[in-house]
Amino acid sequence: MASLVRTLQNNSALRAILRPFANAWVNAAGYRRLGLLYDDIIIEDTPEAEEALRRLPVHVTDARA
């Protein structure tokens with residue numbers, strides 16, 4: 001999975017081809033209609049997300065709550 005992400009990040013032509021499909025997927029999921037961003041739907045129980053949340057400034061943590 002990580003190699004796929006790296007390939008997409010490094011290949012602008014492939015990214016341009018896949019972007020319309022990604023936007024359609026996000027629109028179909030309905031998150032935008034609710035006003036949610038990608039960061040709002042991340043599962044916070046993973047070690048990476050917990051570490052990222054721990055590093056946030058206090059005012060950002062308060063705003064998230």
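These legends accompany several close-up views of one predicted model.

The model is predicted, so local features are reported at pLDDT of at least 70 and side-chain atom pairs at pLDDT 80 or more, while totals for chains, interfaces and linings use all residues. Residues are numbered from 1 along each chain as its sequence is written, and side-chain values use heavy atoms, with hydrogens and water left out.

**Figure 1. The whole chain, an α-α-α-α arrangement.**
Let's start with the overall layout: the chain has four helices and zero strands. Helices (H or I, at least four residues) and strands (E, at least two) are DSSP runs, numbered from the N terminus. The C-alpha trace spans about 40 × 30 × 20 Å along its principal axes. The radius of gyration is 15 Å, whereas a compact globule of 65 residues would be near 11 Å; the value is taken over C-alpha atoms, and the globule rule is 2.2 Å times the number of residues to the power 0.38. Of the 65 residues, 3% are buried, where buried means under 20% relative accessible area, exposed over 50% and partly exposed in between (1.4 Å probe, protein chains only). About 5,900 Å² of the chain is exposed, with 61% of that supplied by carbon and sulfur atoms; these areas come from the Shrake-Rupley method with a 1.4 Å probe, and for residues only the protein chains shown count as cover.

**Figure 2. The largest pocket.**
Rolling a probe the size of a water molecule over the atoms shows where empty space is left. Here, a pocket is an open set of points on a 1 Å grid over the protein atoms alone where a 1.4 Å probe fits, with protein on both sides within 12 Å along at least five of seven lines; lining residues have an atom within 4 Å of a point. The largest pocket holds about 220 Å³ of space, a volume being the space filled by probe spheres set on the points, which are joined across faces, edges and corners. Its lining consists of Trp25, Val26, Ala29, Tyr31, Arg32, Leu36, Leu37, Tyr38 and Ile41. By class, that makes eight nonpolar, no polar and one charged residues. Ala, Val, Leu, Ile, Met, Phe, Trp, Tyr, Cys and Pro count as nonpolar, Asp, Glu, Lys and Arg as charged, and the others, Gly among them, as polar.

**Figure 3. The second largest pocket.**
This pocket has a volume of about 160 Å³. Asp39, Ile42, Glu44, Ala49, Ala52, Leu53, Leu56 and Arg64 form its lining. Helix H3 (residues 47–55) gives the most to this lining, with three residues. The class count is five nonpolar, no polar and three charged residues.

**Figure 4. Salt bridges in helix H3.**
The structure holds two salt bridges, each a side-chain nitrogen of Lys or Arg within 4 Å of a carboxyl oxygen of Asp or Glu. In one, Arg54 pairs with Glu51, their closest N and O atoms being 2.6 Å apart. Because they are three residues apart in helix H3, Arg54 and Glu51 are separated by about one helical turn. Arg54 is exposed, at 57% relative accessible area, and Glu51 is partly exposed, at 28%. Glu51 also meets Arg55 in a salt bridge (2.8 Å, N to O), and these two lie four residues apart in the helix. Shared partners join Glu51, Arg54 and Arg55 into one network.

**Figure 5. Asn10 in helix H1.**
Asn10 lies in helix H1 (residues 2–10) and is exposed, with 66% relative accessibility. The C-alpha atoms of Asn10 and Pro57 are separated by 31 Å, the two residues being 47 apart along the chain.
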